[in-house]
Amino acid sequence: MMFDIMNIHNENFSEQRNLKYFEEMYNDDSYLFYTIHSDQNEKILGYIIYYDTIDSYDLFEIAVSKSHQKLGIGTKLLKINGEILRYKNIFLEVNEGNVRALNMYLKHGFIEISKRKNYYGKNKNAIIMMRGKY
């Protein structure tokens, strides 16, 4: 499982991670992992990771295999809320230039609460978003 997650991460993000990075997170009770698998071979097509900050959850990372993007898997991942996620606010940070992700988060009830100027480098701002508990 961690091998698939590592590969999906590395094909989607410029900062490459190794297997140990994800294994350590997976073994830390503060992180919650949810995955979507293919029906045929149980290969992971996408994943979402939350970090429990005690008062809320941070949507730490979400990614879908490049070959399975634009098929609604990101939406399915955001809908996997698990009973535990219902009782705390969820926060995330996203590059304001990532319009596709911003639109997906807005569609799923996240609202913009602030902006971090130059968070990703000069003139590359981060949008901080939140979805309330329900």
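**View 1. Antiparallel pairing of β2 and β3 in the predicted model****.** Strand β2 (residues 44-52) is joined to β3 in the antiparallel sense over 7 bridges. Within this predicted model, D52 has Y57 of β3 as its bridge partner.

**View 2. The open sheet of 6 strands****.** The strands are arranged in the order β1-β2-β3-β4-β6-β5, and their pairing is mixed. β1 (31-37) and β5 (111-116) occupy the edges; each has a single partner strand, so one side of each is left without a neighbour in the sheet. On average, and with direction ignored, neighbouring strands of this sheet are turned by 25 degrees against each other.

**View 3. Helices α1 and α2 across the sheet strands****.** Helix α1 lies across β1, β2 and β3 and runs at about 90 degrees to β2. Helix α2 (residues 19-26) likewise lies across β1, β2 and β3. The angle of α2 to β1 is about 115 degrees.

**View 4. The largest pocket and its lining****.** This pocket holds about 1300 Å³ of space. It is lined by 37 residues, of which F13, I62, N98, A101 and Y105 are the closest to its centre. Two or more lining residues are given by each of α1 (2-12), β3 (56-64), α3 (73-79), β4 (89-95) and α5 (99-107). Strand β3 provides the largest share of the lining, with 7 residues. By residue class, the lining of the largest pocket comprises 19 nonpolar, 10 polar and 8 charged residues.

Terms used: Residues are numbered from 1 along each chain as its sequence is written. This is a predicted model: local features need pLDDT of at least 70, side-chain atom pairs count only at pLDDT 80 or more; totals for chains, interfaces and linings use all residues. Side-chain values use heavy atoms; hydrogens and water are left out. On a 1 Å grid over the protein atoms alone, a cavity is a set of points where a 1.4 Å probe fits but cannot get out, and a pocket is an open set with protein on both sides within 12 Å along at least five of seven lines; lining residues have an atom within 4 Å of a point. Grid points are joined across faces, edges and corners, and a volume is the space filled by probe spheres set on the points. Helices (H or I, at least four residues) and strands (E, at least two) are DSSP runs, numbered from the N terminus. Ala, Val, Leu, Ile, Met, Phe, Trp, Tyr, Cys and Pro count as nonpolar, Asp, Glu, Lys and Arg as charged, and the others, Gly among them, as polar. Two strands pair if DSSP finds at least two bridges between them. Axes are lines fitted to C-alpha atoms, for helices over the stretch in contact, and angles run from 0 to 180 degrees between N-to-C directions. Contact means heavy atoms within 4.5 Å.
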